[in-house]
Amino acid sequence: MTQSKSSNSPTRIVIVGGGAGGLELATRLGKSLGKSGKAQVLLVDSTLTHIWKPLLHEVAAGTINSFEDELNYFAHASKNYFEFHLGQMKGIDREAKRIILEPLTDGLGHEIAPERSLRYDNLVISIGSTSNDFGTVGAKENCIFLDSRAQADRFQREFLNLYLQAQARSLETTSPQVLNIAIIGAGATGVELAAELHHATHEFIRYGLNSIDPKNVSITLIEAADRILPVLSTQNSAAATKQLLDFNIDVMTSRRVTAIHPDSVECDGGILIPATLKVWSAGIKAPDVLKEIAGLETNRINQLVVRPTLQTTRDDSIFAFGDCACYIPEGAERPVPPRAQVANQQAIVLAKILKAKLAGKPLPTFTFSDKGSLISLGETNTVGNLVNKINVQGMFARIMYLSLYRLHQVALHGVFKTSVLMFKDLLSRTSGPTLKLH
Ligand SMILES: Cc1cc2nc3c(=O)[nH]c(=O)nc-3n(C[C@H](O)[C@H](O)[C@H](O)COP(=O)(O)OP(=O)(O)OC[C@H]3O[C@@H](n4cnc5c(N)ncnc54)[C@H](O)[C@@H]3O)c2cc1C
């Protein structure tokens, strides 16, 4: 089944991927071009709800409830003058200017809709990234990856189940129960997850799930580089290491993981680290669907190579941005990093680029303005570098870190609704449990 273009229909902009960048772009374009009828804006995502990806380590630890922080695409689209289509892109027909969507199933194997295609005049691809396990033996089978809300929810459920199991066992035994967790990769995701899990192990006690003493929870963070958080200054990396060690987290650097087994992680030299829960957070790649897609230029991690106008190098009607795009600024050696702040800045300029293209004007270009990086180390601490490499730590850095999510909400809902949401979060934090226990 295909959708055809009627002669007088407005130009159609299709955005595939409603994440940190794509949803902000759809909202901006909907409120401008969609509202004025100058373009039909369509967002396609493979899930029905959006959750801001930098929250996933908190979803995994259960320290936030994914049901409370999710946004429904249909509801948001109807308020912001764009259309939403549920579907997973599997290919592009550049000649016919159509994207092809996988058949839609209900998760139990029943087909809801067959394979179909969707026409575009301008196509924007913002489908993010997935973990890159570099083909490590056993990683796919034995690790959890924090690529999606479903995976974070799965980790939270398995984590909780281990506490439920321990509680049941405690009826028969008084011997101390232990829990071993290994996190492979000490970039932002791995470090933030380690700190959040440490926090969660103490929260379980508050709710009576006290069969595993936090002292008997071993969290091991394994990193191949010689220090954690290589994107931060050595000073901040050292501060984060100290904080993790204070939390009793084992930090292993210069250690390469060679295989993952059901109950352990194997490192160089055959060293085995026992681990019941194993999380892989050691690198990213763009989704495999982009590998050599429709003759477009991609790099070795499947990212679409783009120009300063965020147009792909071989097709002026196809744009890409966020984690799935590779943009190397002129004179730079490396592409801009796969971070939410890049996706946010690109969404802002891409809205202007698309408006200029529709109006037949010269296209603005993207310039990355690095605002620094902040890494959350649990409830009260954060470390990071701000613009001009200023080091920040502690509560001030924590407040700045929390404001990043609020800025994403402002981009989606405006200041008033974001204030209401902040108030709602405050109320549910003070009245409800601080850990998801179901
Ligand atoms: C645990 C964690 C913590 C992080 N913390 C930070 C942080 O503190 N600061 C920071 O700057 N960055 C952080 N990041 C990185 C940040 O989340 C990403 O850089 C950012 O989300 C990229 O935005 P995006 O729009 O490119 O992709 P995403 O936000 O990943 O969105 C991609 C969207 O595409 C959809 N999709 C995927 N494939 C298809 C398909 N084939 N068809 C249709 N839809 C599809 C997905 O459902 C998703 O909605 C963190 C990441 C993780 C995992």
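**Where the two domains meet**

This chain splits into domain 1, covering 11-129 + 286-369, and domain 2, covering 139-282. Keep in mind that you're looking at a predicted model. Taken over C-alpha atoms, the centres of the two domains lie 32 Å apart. Where they touch, domain 1 puts in 14 residues and domain 2 puts in 15.

How much area is buried between domain 1 and domain 2? The figure comes to about 1200 Å², with carbon and sulfur atoms giving 63% of it. On the domain 1 side, three residues are worth picking out in your viewer: Leu-56, His-57 and Ala-60. Together they supply 43% of what domain 1 buries against domain 2, more than any other three residues.

Now for the polar side of things. Between the domains there are 2 residue pairs in polar contact, both at pLDDT 80 or more. Which elements give two or more residues to the side of domain 1 that touches domain 2? They are helix 2 (56-61) and helix 3 (66-69). Helix 2 brings the largest share, with 6 residues. Sorted by class, this face of domain 1 has 6 nonpolar, 5 polar and 3 charged residues.

Charge pairing across the interface is quick to go through: the count there is 1 salt bridge. If you look at Glu-70 and Arg-149, you'll find their side chains meeting in a salt bridge, at 2.4 Å from N to O. Going by the domain bounds, Glu-70 falls in domain 1 and Arg-149 in domain 2.

Conventions
Residues are numbered from 1 along each chain as its sequence is written. This is a predicted model: local features need pLDDT of at least 70, side-chain atom pairs count only at pLDDT 80 or more; totals for chains, interfaces and linings use all residues. Side-chain values use heavy atoms; hydrogens and water are left out. Domain bounds come from an automatic or database domain assignment. Contact means heavy atoms within 4.5 Å. Buried area is the accessible area (1.4 Å probe) that two parts lose on being put together, summed over both. A salt bridge is a side-chain nitrogen of Lys or Arg within 4 Å of a carboxyl oxygen of Asp or Glu. A polar contact is a pair of N or O atoms within 3.5 Å; within protein, one must be able to donate a hydrogen and the other to accept it, and residues adjacent in sequence count only if both atoms are side-chain atoms. Helices (H or I, at least four residues) and strands (E, at least two) are DSSP runs, numbered from the N terminus. Ala, Val, Leu, Ile, Met, Phe, Trp, Tyr, Cys and Pro count as nonpolar, Asp, Glu, Lys and Arg as charged, and the others, Gly among them, as polar.
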